[in-house]
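Student: Can we go through this one together? I'd like to see what the model says.

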Amino acid sequence: MSKNTNAQPPEKLTGIKLKEIPKSAVGVKAIKSALTHINDEVGLVNGIQLLKNLNQKDGFDCPGCAWPDPDEKRAFLAEYCENGAKAVAEEATKNKVSPLFFTTHSVKELAKLSDYEIGKSGRITHPMYLPEGKDNYEEISWEDAFQLIAKELNSLNSPNEAIFYTSGRTSNEAAFLYQLFVRQFGTNNLPDCSNMCHESSGAALSETLGIGKGSVTLNDFNHADLVIVVGQNPGTNHPRMLTALGETKNNGGKIITINPLPEVGLLNYKDPQNPLKWVGSGQDLTDLFLQVKINGDVALLKIILKLMKEREYAEPNSVFNHQFINEKTAGLDDMLNDLDNYSISELLPQTGISLEKIKQATELIINNEKIIICWAMGLTQHKNSVDNIREIVNILLLKGSIGKKGAGTCPVRGHSNVQGDRTMGIWEKMSDSFLDKLDNEFNFKSPRKHGYDVVNSIKSMHQKKAKIFFGMGGNFISATPDTEYTAQALKNCNLTVHVSTKLNRSHLIHGKKALILPCLGRSEKDLQVSGEQFVTVENSMGVVHQSNGVLEPHSKKLLSEPAIIAGLANATLKESTVNWTELISNYDYIRNKIEAIIPGFENYNKRARQKGGFYLPNNARENNFTPTTTGKANFTINQPSDLKLKENQFIMMTIRSHDQYNTTIYGLNDRYRGILNERRVIYMNPEDMKSQQLKQLNLVDLISHFNGEERIAKGFLVISYDIPKQCTATYFPEANVLVPIKSVAKISNTPASKTVIISIEKR
């Protein structure tokens, strides 16, 4: 039996405070929190001027989430959320990480800090190099940095020994250049953050509907009769979504929420864009809350499908949309026949929900056809996560709730351009049609062998098959599973390189040699040879629009991401068919190339200059399913969870706090869950605490169990919480050490960070 322990158990806890959980989200407290962060980082006057440009049609796109902006009129007061304001404040911070900072702070010293403390250090101002055997980064010129990387890359035995990771904040222009450089170098090793979040959504939706993206627009929420929100906490992760849900309610629609935790934002909220609503009781959102057990979603959805089938057979034509099914779908009979293999009494215990409540949800589905189903990480990070999403599609297809106003699929993406990155070709297994067009436009032969995704990249570095890691944004070590295993994988590399705006833990867990390349942030002006440039991004509903920085750069030594890629390509590729210098002189040239290769980008430069941007084609939205293998929308057969818990074992899921976005920690509070000043906590059901002889704020160690292996995370405080029995929740990245590298979703290979089997030991 192997045992893997996180290397840095906390020496002390920070003085946790427990508060009453608020009854409503957003409102005055959210505004106050946002302004406090702005004031602390950039000053109130400058900060408010900056926020006026955030998510406006002639401003810059929020570096936070990918929730879309309204097509038409946007709120002058605040077209952003609390966490969006925090993200901008962090990027525009007055704090700087200069060469002097690295001279006076060793890597060993910095590694002892928390992720929160590291992030608060400030913006990186100069390219920095950590030579082999040294413990302090030192300044390096851009030219020398590019030459150093080029030498290492060109010394590899194969291009496939290099890993090129991408985070979701990269612009379309940078992502396109990045994948072009990587493929000219000779590999498809292009893992990205999608591999760890919505890869399961893409796999399920591509198979069933012929497109890996959602089918709804923001306006559809105004017309929906029923919105179902599954495995998602928009009050923290996508607060502006609450406005859309509020519009559904205002127009007479109903909302079902399915989640292990009762999240405040989905129950009631106060619209921050309307001062008249800052006081009072707020707006109730959820009409029916189904508190499902962790990974009980397929069982729940299958019960709903069985009840729908039962009603349809008893009252023909009362439930199913037969015209839509007959014209547009395939596989109905197989799916319905498979339902007979399960009994409700067998499935019900997996859900933790009463049959009466499930019947109430089924009635709402039966009685409506304009249905939107939204989901996020609560569905996508399980062994059977692809089954979760395919089962959702089954329900929508039975109702004909695809390709009509007010109905469809809504995977809610995380990072602001994660969807655009994939559209631009950031994927380890792009189609031959994309690669053929790339080859034709740039006159070279791109590799066809599929590359490594995130999990396989980590394994290849751990096995010393990959020797260079290059990260275009992100905080790889804090985002990935199995922290100790991943750390060793990075340490095995000859060189690790990170393109970053701020200091993060990935700069401190490094290869034999390491580089930090500082880039411009979204809020900063991008000046190239032809003048000031704008970039474009794609939101989670397929709208491509421009983003214009407004601030002067933090340092004269910062380069834009496209410029960094061009500099790297010029240094590395001896006989490139691409004029990299010309492409970055004017980003219109990059967009011309994108237009030539990727469908939907006709007249790209003209349409990118339209206020609000333009929609990309979406076959599912247009009720066209020809891209699937059958040419129709496909019903599928899906499996419930096969997870088996032994005595004194629990399912653990990793979650975010409210003072957090992805791996960025803005503070130590989780206001909407009543936790202040601490992150190393585990939420438990009160009855489970009693059975384990645990009391509130007891200090415990967490042990995960997978295939005879144990992983330990030390020093967590027990919190009594409204969560189903045998279910627990902890924050990432603190609990990532417990997520086994081999525990992944079928088909998508996404880390199963929401279904970790643990036991709990009292200290």
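Tutor: What follows is a quick tour of salt bridges, cysteines, pockets and a few single residues.
This is a predicted model, where local features need pLDDT of at least 70, side-chain atom pairs count only at pLDDT 80 or more, and totals for chains, interfaces and linings use all residues. Residues are numbered from 1 along each chain as its sequence is written, and side-chain values use heavy atoms, with hydrogens and water left out.

Student: How many salt bridges are there?

Tutor: The count comes to 34 salt bridges. A salt bridge here is a side-chain nitrogen of Lys or Arg within 4 Å of a carboxyl oxygen of Asp or Glu.

Student: What does Arg-422 pair with?

Tutor: Arg-422 forms a salt bridge with Asp-192, with the closest N and O atoms 3.1 Å apart. The pair links distant parts of the chain, 230 residues apart. Arg-422 sits in helix H20, and Asp-192 in the loop between helix H8 (172-185) and H9. Helices (H or I, at least four residues) and strands (E, at least two) are DSSP runs, numbered from the N terminus.

Student: Is Asp-192 buried or exposed?

Tutor: Asp-192 is buried, at a relative accessible area of 1%. Buried means under 20% relative accessible area, exposed over 50%, and partly exposed in between (1.4 Å probe, protein chains only).

Student: And which residue does Arg-448 meet?

Tutor: Arg-448 meets Asp-432 in a salt bridge, 3.4 Å from N to O. Arg-448 lies in the loop between H21 and helix H22 (454-462) and Asp-432 in helix H21, so the pair ties together parts 16 residues apart in sequence. Arg-448 is partly exposed at 25% relative accessibility. Asp-432 is partly exposed too, at 48%.

Student: Which residues form a network?

Tutor: Glu-173, Asp-588, Arg-591 and Arg-609 are linked in a network of salt bridges. Elsewhere, the side chains of Arg-607 and Glu-602 meet in a salt bridge of 3.8 Å, N to O. Glu-602 is partly exposed, at 47% relative accessibility.

Student: Switching topic. How many disulfides?

Tutor: The structure holds zero disulfides, a disulfide being a pair of cysteine sulfur atoms within 2.5 Å. Cys-193 is in none, and the nearest cysteine sulfur, that of Cys-197, is 5.4 Å away. For Cys-197, also in no disulfide, the nearest cysteine sulfur is that of Cys-193.

Student: Are those two buried or exposed?

Tutor: Cys-193 counts as buried at 13% relative accessibility. Cys-197 counts as buried at 15%.

Student: What touches Thr-166?

Tutor: Leaving aside neighbours within four places in sequence, Thr-166 is in contact with Tyr-178, Pro-191, Asp-192, Cys-193, Asp-421, Ile-426 and Met-472. Contact means heavy atoms within 4.5 Å. Thr-166 is in strand S8 (residues 162-166). Its relative accessibility is 0%, so Thr-166 counts as buried.

Student: Now pockets. What lines the second largest one?

Tutor: The lining has 35 residues, and Ile-211, Gly-212, Lys-213, Arg-422 and Thr-423 lie nearest the centre of the second largest pocket. Helix H9 (199-209), helix H20 (418-423) and helix H21 (432-442) each supply at least two lining residues. The lining divides into 13 nonpolar, 15 polar and seven charged. Ala, Val, Leu, Ile, Met, Phe, Trp, Tyr, Cys and Pro count as nonpolar, Asp, Glu, Lys and Arg as charged, and the others, Gly among them, as polar.

Student: How much space lies in that second largest pocket?

Tutor: About 980 Å³. On a 1 Å grid over the protein atoms alone, a pocket is an open set of points with protein on both sides within 12 Å along at least five of seven lines, a cavity is a set where a 1.4 Å probe fits but cannot get out, and lining residues have an atom within 4 Å of a point. Grid points are joined across faces, edges and corners, and a volume is the space filled by probe spheres set on the points.

Student: How many cavities, then?

Tutor: There are seven cavities of 30 Å³ or more. About 210 Å³ lies in the second largest cavity. Of its 16 lining residues, Leu-520, Gly-521, Arg-522, Asp-526 and Val-535 are the closest to its centre. That lining divides into four nonpolar, seven polar and five charged.

Student: Last one. Where is Asn-384?

Tutor: Asn-384 lies in the loop between helix H18 (377-380) and helix H19 (385-399). Asn-384 counts as buried, at 4% relative accessibility. Not counting residues up to four places away in sequence, Asn-384 touches Asn-295, Val-298, Gln-639, Pro-640, Ser-641 and Lys-746.
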